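Here are some short exercises on aromatic rings and how they meet. Try each task yourself before you read the solution.

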Amino acid sequence: MAKKFYVVWQGRTPGIYTDWNSCKRQVDQFAGARYKSFPTQAEAEQAFKGGASKSSSAKSASFKSSGIKKPAGTSTVKNGIKTYTAAEIDKMVLDVKFFTDGGCEPNPGQAGSGMAIYRNEHGSEQVSELWYGLYNPMGTNNTAELNALYQALMMAKTESEQGKTVAIFCDSKYAIQCVTQWAVGWEKKGWKKSGGEIKNLDVIKPMFALHQSLKNKIQVLHVNGHVGVEGNELADRMSMIAIAEQEPDFKRYAEKINVADILAMQAG
């Protein structure tokens, strides 16, 4: 069998691999993975330097590798961000999944953040930790969402450094786009934009710097809120507890985790 060279443009560690198993470890269950095989090392190196292939074969392979079906249309992809369903999330085999949410009542008003962490241990995925806090009496929904995502990135960094595969699921496209898309241009322009003031830079700047160091290892994905994604619903309830208890710190939920009872709480 002729030797092949595998280019990974988007995966856990982008690069050129000389065997399929090494390539597969970078792209398997990595949402949005992009890779392609080449017959020679020279072609692989040229393709890698040229950026992600636009060929249909590379695109279809990415969805196949992650266990996620390519959407038939574009209804779930808006502003360059795909929205993942509960079924798609369940198919992702990862060591740790973080779900974040923020709430504010009214908006602006009392704001708080929440998080749910799921771990895959011994082949079984279970919620292992709940976190809540960062209460702000004069916050906004956006600040609460950003704060929750920032906490997840910091915790995810620790998990990744331990060799674990990690993804963060957030229901705020604003928060995701701030840190993964818009901040790239804002930084180049000296943290300015033509439309006026960039709000929440005190959180966005350090978040962006952290995400830049993690973007090849940790996925930040979008889910819709209140559509039956258990992790998102639990994070939502934690944000409500943060507001109710006016908890300024970000602390771990100390009571026994009874999912049914927590979900029965009023949603934010």
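**Exercise 1.** Find how many aromatic pairs the structure holds, and classify the pair of Trp9 and Phe38.

*Solution.* This predicted model holds 9 aromatic pairs. For Trp9 and Phe38, start with the distance: the ring centres are 6.4 Å apart, and rings pair if their centres lie within 6.5 Å. Next comes the angle: the planes stand at 85 degrees, and angles over 60 count as edge-to-face. The pair is therefore edge-to-face.

**Exercise 2.** Locate Trp9 and Phe38 along the chain, and decide whether each is buried or exposed.

*Solution.* Trp9 lies in strand 1 (residues 5-10) and Phe38 in strand 3 (residues 34-38). With these positions 29 residues apart, the pair links distant parts of the chain. Now use the cut-off: buried means under 20% relative accessible area. Trp9 has 10%, so Trp9 is buried. Phe38 has 13%, so Phe38 is buried too.

**Exercise 3.** Work out why the pair of Trp182 and Trp186 counts as tilted, then describe the setting of each residue.

*Solution.* The two ring centres are 6.0 Å apart, and the planes meet at 50 degrees, so the pair is tilted. Both residues belong to helix 6 (residues 173-188), where being 4 residues apart separates them by about one helical turn. Trp182 is partly exposed at 33% relative accessibility, whereas Trp186 is buried at 11%.

**Exercise 4.** Name the residues that ring pairs link into a cluster, and find what sits over the ring of Tyr84.

*Solution.* The cluster consists of Tyr6, Trp20 and Tyr35. Over the ring of Tyr84 sits the charged end of Lys82, 4.9 Å from the ring centre.

Notes
Residues numbered from 1 in each chain as written. Predicted model: local features only at pLDDT ≥ 70, side-chain atom pairs only at ≥ 80, totals over all residues. Heavy atoms only, no water. Phe/Tyr/Trp six-rings, centres within 6.5 Å; stacked < 30°, edge-to-face > 60°. Helix = DSSP H or I, 4+ residues; strand = E, 2+ residues; numbered from the N terminus. Buried < 20%, exposed > 50% of the residue type's maximum accessible area, 1.4 Å probe, protein only. Lys NZ or Arg CZ within 6 Å of the ring centre and 35° of its normal.
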